[in-house]
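Welcome, and thanks for taking a look at this one with us. Please have the sequence and the coordinates open side by side while you read.

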Amino acid sequence: SLHWGRRRERHFGARWQAGTGLAPCALHSLCLYLDPEWASYKLGIFICLNCSGIHRNLPQISRVKSLRLDFWENDLIEFMKKHGNLCAKAKYEAKVPPYYYIPQSCDCLVLREQWIRAKYEREEFVATRVCQDPCSREGFLWKRGRESRQFQKRLFLLSAREGVMKYYTKEVSPKAIISIENLNAMFQTEKIQHAHGLQITYNTDGQTRNLFVYHDSGKEIVEWFNAIRAARYYYLRTTFPTVPEPEVIPRITRNYVKEGYMEKTGPKQKEAFKVRWFCLDSQERKLMYFKNPLDAFAQGQVFIGRTDEGYEVQAGLPQGVRAKKRKPAITVITPMREFVFICENDKEQREWIDALNGVIAQPLTGLLPSTATSTGRLATEK
């Protein structure tokens, strides 16, 4: 119809004339949404469908229209032409700290929502904002008990200057003192079954210790996450001052490359297959397995070295090994032995093989001291 033709013309005119026809969503600078279909006509930015839902919950600062489905008045088109994503980025992201995590489309809702709120609602990164010390923090988090498996409120203290993170129960002395050197944090909303669930890991006595925490406030838990990142960034910059910034940033915190259930057998490859939860840590080059996803410690781990060291991953079972279930299998070959895992389906098998091959192919980096010592290369069986 004539009305639809004019509306469509205005839709494309607003987007192209604002100079953002191929610009990504205002949130996802590196995501897949290279051609957003929504816009905030109050901020003058183009956004993806996922972000449009978040912006709708911020009516005081953002108002949303569809580029294809809604009618655009002339004054709104003129406003979009004068603004756009690049203009908004220059204003609202003028002073984003290097440690601050900028979420992507695959990240959990609390990260994406709090990034949008931090930018547009609280204006934390505008040029006139005075930044406070982010490397120290004190407050309460709900922590899952190792034995009770119940979440209880615990006091946490983070200090980059001391180089530690501590948490307390009821005692005066801390329950644990965690070195920032091997501290890591990642959001695990599905695993913890809480929208603000955070997994904190660190090394103790050659093992990876898992802490599972959350906070009722999305703002608080994201601020804790970025405080840990700030402390880690401070540690890396002071410990490795000559390492280029692009090499430091990916080392601040990391997610596991892949997680999920597989079945494993024992070292003789004749034992019964048992279901275990697996986590692949590419930075530490280790595949850990747990009886339950929320266990504090792994039952064992397999070091994943390079191809020239004798490491390889193959689809299928080794010769002579049989499994009762006819499901796709993976064999991880190491210089010491072969590890056999059974996947739930073909898709999982492909994803595990790709993830493991990715770790095998990556070079050993000299940025951080590796925790994979000669003893760390052994797979512990329990």
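Let us begin with one pair of residues: Trp 38 stands opposite Ser 66 in E3. The model you are viewing is a predicted one. The strand E1 (residues 38-40) is joined to E3 by 3 bridges, and the two run antiparallel. They belong to an open sheet of 3 strands, ordered E2-E1-E3, with antiparallel pairing. Strand E2 (45-47) and strand E3 (64-66) stand at the edges with a single partner strand each, so one side of each is left without a neighbour in the sheet. On average, and with direction ignored, neighbouring strands here are turned by 30° against each other.

**The chain as a whole**

Stepping back, the protein chain holds 9 helices and 17 strands. Of its 382 residues, 51% count as buried. Among contacts between residues at least 6 apart in sequence, 52% join residues at least 24 apart.

**The largest core**

Which residues have the most contacts inside the largest nonpolar core? They are Phe 156, Leu 158, Met 165, Phe 187, Leu 198 and Ile 200, in a core of 41 residues. Elements that each supply at least two residues to this core include helix H5 (109-121), strand E5 (151-159), strand E9 (198-204) and helix H7 (218-239). H7 gives the most, with 11 residues. Apart from this core lies another, of 19 residues, with Phe 278, Tyr 289, Val 332 and Val 359 among them.

Ile 200 is a good place to zoom in. Leaving out residues up to four places away in sequence, Ile 200 touches Met 165, Leu 183, Asn 184, Ala 185, Arg 209, Asn 210, Leu 211, Val 213 and Ile 228. One of these, Ala 185, stands opposite Ile 200 in E9, and E8 is joined to E9 by 4 bridges, running antiparallel. Both faces of E8 are covered: Asn 184 and Met 186 are buried on one side, Ala 185 and Phe 187 on the other.

E6 makes a nice companion to that picture. Is E6 mostly covered or uncovered? It is mostly covered, with 5 of its 5 residues buried. Val 164, Lys 166 and Tyr 168 point one way from E6, while Met 165 and Tyr 167 point the other way. As a general reminder, side chains in a regular strand alternate between the two faces of the sheet. E5 and E6 form a hairpin with 4 residues between them, and Gly 163 in the turn has a positive phi of about 75°. Lys 166 has a bridge partner in E7, namely Ile 177, and it also has Leu 157 opposite it.

The table gathers some of the antiparallel strand pairs by their bridges.

| Strand pair | Bridges |
|---|---|
| E1 and E3 | 3 bridges |
| E5 and E6 | 5 bridges |
| E6 and E7 | 4 bridges |
| E8 and E9 | 4 bridges |
| E15 and E16 | 4 bridges |

**Helix H5**

Why can H5 be called largely enclosed by the rest of the structure? Because 10 of its 13 residues are buried. Those buried residues include Val 110, Leu 111, Trp 115, Ile 116 and Tyr 120, along with Arg 112, Arg 117 and Lys 119. What covers the buried residues of H5 includes E2, helix H2 (49-56), helix H4 (85-92), E8 and H7. The length of H5 also checks out: at 1.5 Å a residue its 13 residues should span 18 Å, and its end C-alpha atoms are 17 Å apart, which agrees. Just after H5, Glu 123 takes a positive phi of about 50°.

**The sheet of 7 strands**

Further along the chain, an open sheet of 7 strands follows the order E14-E13-E12-E11-E17-E16-E15, with antiparallel pairing. Its edge strands, E14 (300-303) and E15 (312-315), each pair on one side only. Neighbouring strands of this sheet are turned by 35° against each other on average, direction ignored. At the E15 end, Val 313 has Val 332 as its bridge partner in E16.

Asp 281 rounds off the tour; it is found in strand E12 (residues 274-281). Asp 281 is buried, with a relative accessible area of 3%. Its side chain reaches the backbone nitrogen of Gln 283 at 3.1 Å. Not counting residues up to four places away in sequence, Asp 281 touches Arg 254, Tyr 256, Lys 286 and Met 288.

Methods
Residues numbered from 1 in each chain as written. Predicted model: local features only at pLDDT ≥ 70, side-chain atom pairs only at ≥ 80, totals over all residues. Heavy atoms only, no water. Core = buried A, V, L, I, M, F, W, Y, C linked by side-chain atoms within 4.5 Å. Buried < 20%, exposed > 50% of the residue type's maximum accessible area, 1.4 Å probe, protein only. Contact = heavy atoms within 4.5 Å. Polar contact = N/O pair within 3.5 Å; in protein donor to acceptor, adjacent residues only side chain to side chain. Pairing = 2+ DSSP bridges. Axes fitted to C-alpha atoms, helices over the stretch in contact; angles between N-to-C directions. Expected span 1.5 Å × (residues − 1).
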